Amino acid sequence: MKSRQYFQHTKIVIISCLLAMLLLTGVQPLKAAVEVSASLNTQSFPLDRVAALSIMVKGVRSFQPQMPEVDGLQFHQRGQSTQVEIINGAYSASVTSTFLVQALRAGTFTIPAIQIRTKDGNARTDPITFEVTDSNRGAVSAQGRSSASSTARLRSGEADEVAFLRVKPARKKSYSGEVVPVQIKVYFRDGIKANLNSLPLLDGEGFILHQLEREPMQTREIINNTQYTVLTWDSSLSGIKEGTHKLSVELEATLLLREQRRVSPRGNSMFNDPFFGNSFFDNFFGSYREKEVKIASPELDLTVLSLPEDGRPEEFSGAIGDFRLHVTADPVELQPGDPITLTMTVSGQGNFDRVQSPELTREEGWKSYTPSSEFLKDGGPGHGKKVFEQALVAKDPALTEIPAIEFSYFDPATASYKTLTANPIPLRIKGLVVEKKDSEPVKEEIQEKEKTEDAAALQTVEPRINTLAPLQLIPGSMDQKLEPLFVKKWFQLLVVLIILVLFAAVIYRLRATRYANNPLLQRNQAMKHLLVLRLKEIDNALAANDTRGFLASCRGAIQEQLGLAWETEAGTITLADLQKRLPGDSVLLTVFSAAEESAYGGQELNVQQMEKFAQDLKQELEGLG
Amino acid sequence: MNVCHWKLVCGVCFFLLCISQIAWAGENRDKSDWFQSASSAYSRGDYKTAIEKFESLSRAGVSAPLLYNLANSYAQDGQSGRAILNYERALRLASGDSDIRGNLELIRTEQGLFQEEKSFVQSFVTFLGLNQWIALATIAFVLFAVVLLLPISLGLKRIPRLVVATACLLVTTGSILAAAGSYQHWHDGVVVVDNARLRVSPFASAASIGTIQEGRVLHMGKEHGNYFLVEDETGRSGWLAADTFESIANF
């Protein structure tokens, strides 16, 4: 009962929370205040170019600006974009309207406050003052720089308007071999279509950049009121040469820039520069032009320090970071000679490529094997665990524990060496060693076989592994290849043969079954068989000119064939039966009556008559079947 | 064709048969002499010469004793990976040979290549070799067919006949399944270099995910360039350079 009430209470709490969250997200935009800002992408631009004016209104989903009239300036609207964000439950919406500002003469201009009307009320932007210079005093554009070579180099600070790259290392000072997390961010202004031709590459000496993920994280950010698509790689750097080094990161990309088709009042050049004019603002009917660029980050000064000599442990293998050690052994109850698998896990953050297997503090009484290792990534760059599996065999059955295991590393946070120690693991080895008994018969066998072959040699040579079974003395039958039985031709032929024999046997069996279950077939077979025998007798009598024998055989043949056909005993068939059941002109009747007369009256036939009888009878009896 | 012609043809055939038998016997004697010579080198402790001679013999053809002797030579020479490779090859031809199994187990223990306990299915599959399973399946199938097709007049009654046929069919099915399981590992490989590096992707510059011991048996997957996606007996997988291991069956 209590538990039921508890569940109902929990249900109410959960539903209330969900409702509260929904209400909060719904109410938030109502409470958000309307903020208005306007910015020009440059404070100064030449007469033959344009500037981009962005008016951003936060807290609304749409608005209509009322652009003022300014002498010597023209405003061309280029679109509106909306951005909605929910961060930690906080809801925000903003709308950005963009205009191209075109000057009709050189001089200093001021865009007065712009009136913004929204559903929630009116607001005004601050006035913006800027300068328009003569055409020949234009700023250096990326396109201008690229005219010398096919690939333009965009370094941040020079061409932030289009694309730029930022490198953020976690620290500017690190130790040689230390893994320093680094974030590489490439920004592409919205509207710019770009294809990456390479992953970010390190330009500079003294550091190596660890392998980057092929797929970077993609986000959007607003910088100086301009929206950018941002590609982020989280990786790590390692210093390999002590000293201070200049370092930057580069990335090759192909930008697809929209070509300007609109004819400006002052000629084409004004809208032809996509680096300045921003292809985002170009009209929708423009075509694209590919531009290969190399985007480079600003140069950074990073310092690589050397590891201190003081306090360096003997077993230190170069591991730098923050690590933990966990050791398990299995089995811990065993027979003498049984192997134990020691699993040593070093986890944490650091340069795992330098992490070597932890070592036993005492190796006496143990036979240890080369450990295998496996690195499992867990989290960001340099985070994970390295698992070592080592086989151990206790040589001494009196051992009661696996000794303590130590692992040393350098901690850059405290700038000191640390040694982790795993406690000894208790063991229980049962019984006594009986190894010798097992190996003796094998040894004897080796000696016997090798005596027959090369007794003298055996005495002088000590094999590396004594307990190996001896060589075999006969090479055996040689196969050309190591292949499965079913690939061999003879086996395939054998299988085909077996299948054929089985197929034939199945057919034979089916026929036999059919014969056994069909009396008509059996009768026909019997008739055919008996007819063949009788016809042979008839032919023999004919050849011997034996009239009596001939007619007796004819009579017998007629009785047998009609007996099987009428399903009666052959011997009981008489002339009266034939007269009753056969037509009066039947050859059988004629021959049968002649045979009767011969048997009881001594009638003789000449050869011609016998031949005719034989021929007619054969034809008639064959017809019966 | 008269009697003289027949005699002539028979004589020529007999002559050719004799010649081929003499040539075959001569070749066999050469192989046998070479085999004995390699064995003598092994007995003298000259394992390198023994390896060389057994290897040259194996290029002409393979047999279980030859591969076993070659494996022993590698084992004594300290090349545990190649020793295990050749024991595995010998087991493909003679899976029931206790000497091969014993020596393989010994080398594995010596190198710390302990295997996890086999499941019932694995134990069943490895109970016989692939060829033995195929032979057993064939024999059981023939028996099954014969028992079913045997005429009733031969005396076997219906129920015993069905019992025997069912047993044969079960043996056939089990053997085919075991053969299929065994064939999955027919093309496995063995690591022949010390501490071969497993990598996350098939490139020399790719990050290493650990080392893999010499003598470990690998199951090979897809291939990319000079790298194979492999999984070892302990279940670890990664990309391994082709020159660090050798296939058991293809050589």
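Okay, let's go straight to helices α10 and α11 of chain A. In this predicted model, α10(A) covers residues 587-601 and α11(A) covers residues 607-624, and the two pack with their axes 9 Å apart at an angle of about 130 degrees. That angle makes α10(A) oblique to α11(A), because it falls in neither the 65 to 115 range we call roughly perpendicular nor the over 145 range we call roughly antiparallel. As for handedness, α10(A) and α11(A) cross in the left-handed sense.

Who is touching whom? On the α10(A) side you have A:V587, A:L588 and A:V591, and on the α11(A) side A:F613, A:D616, A:L617 and A:E620. By class, that contact comes out as five nonpolar residues, two charged and no polar.

Now keep your eye on α10(A), since it has another partner to talk about. α8(A) packs on α10(A) at about 130 degrees, axes 9 Å apart. So α8(A) and α10(A) are oblique to each other too, and their crossing is left-handed. From α8(A), the contact uses A:T547, A:R548, A:L551, A:A552, A:C554, A:R555 and A:I558. Facing them from α10(A) are A:L588, A:V591, A:F592, A:A594, A:A595 and A:S598. Sorted by class, we get nine nonpolar, two polar and two charged. If you want residues to click on, try A:L588 and A:V591: they are listed in the contact with α8(A), and they are listed in the contact with α11(A) as well.

Staying with helices, let's look at α6(A), residues 489-516. How far does α6(A) reach from its first C-alpha to its last? It spans 40 Å over 28 residues, close to the 40 Å expected at 1.5 Å a residue. And is α6(A) well covered or hardly covered? Hardly: of its 28 residues, the number that are buried is zero.

Right, some backbone oddities in chain A. As a reminder, most peptide bonds are trans, and most residues other than glycine have a negative phi. Here's an exception on the peptide bond side: going from A:D330 to A:P331, the bond is cis, with omega near -5 degrees. A:P331 sits in the loop between β23 (321-330) and β24 (333-334).

On the phi side, I have a couple of residues for you. A:A415 isn't a glycine, yet its phi is positive, about 55 degrees. You'll find A:A415 in the loop that runs between β31 (405-411) and β32 (416-422). A:A415 counts as exposed because it has 11 C-beta neighbours inside 10 Å, and the cut-off for exposed is 12 or fewer. Then there's A:E567, also not a glycine, with a positive phi of about 60 degrees. A:E567 is in the loop between α8 (547-566) and α9 (575-581), so that brings us back to the end of a helix we've already met. With 8 C-beta neighbours inside 10 Å, A:E567 counts as exposed.

Stepping back to chain A as a whole: 11 helices and 34 strands, with 27% of its 625 residues buried. Looking at contacts between residues at least 6 apart in sequence, 71% of those in chain A join residues at least 24 apart.

Over to chain B. That one has eight helices and seven strands, and 37% of its 251 residues are buried. For chain B, 56% of the contacts with a separation of 6 or more come from residues 24 or more positions apart.

One spot in chain B to zoom in on is B:G221, in strand β4 (residues 217-224). B:G221 is exposed, since it has 11 other C-beta atoms within 10 Å. Leaving out residues up to four places away in sequence, B:G221 touches B:F228, B:L229, B:V230 and B:E231. Take B:E231: that residue is 10 positions along the chain from B:G221, and their C-alpha atoms are 7.8 Å apart.

Last item, where the chains meet. How many residues of chain B are in contact with chain A? The count is 50 from chain B, against 41 residues of chain A. On the chain B side, α1 (3-44), α3 (64-76), α4 (80-93), α5 (98-110), α7 (130-149) and β3 (208-212) each put in at least two residues. That side of chain B is made up of 23 nonpolar, 20 polar and seven charged residues.

Technical notes
Residues are numbered from 1 along each chain as its sequence is written. Chains are lettered from A and ligands numbered from 1 in the order in which they are written. This is a predicted model: local features need pLDDT of at least 70, side-chain atom pairs count only at pLDDT 80 or more; totals for chains, interfaces and linings use all residues. Two residues are in contact if their C-beta atoms, placed from the backbone, lie within 7 Å. Helices (H or I, at least four residues) and strands (E, at least two) are DSSP runs, numbered from the N terminus. Ala, Val, Leu, Ile, Met, Phe, Trp, Tyr, Cys and Pro count as nonpolar, Asp, Glu, Lys and Arg as charged, and the others, Gly among them, as polar. The expected span of a helix is 1.5 Å times one less than its number of residues. A residue is buried if 20 or more other C-beta atoms lie within 10 Å of its own, exposed if 12 or fewer, and partly exposed in between; C-beta atoms are placed from the backbone. Axes are lines fitted to C-alpha atoms, for helices over the stretch in contact, and angles run from 0 to 180 degrees between N-to-C directions. Angles under 35 degrees count as roughly parallel, over 145 as roughly antiparallel, 65 to 115 as roughly perpendicular and the rest as oblique. A crossing is left-handed if the near helix is turned anticlockwise from the far one by less than a right angle, and right-handed if clockwise.
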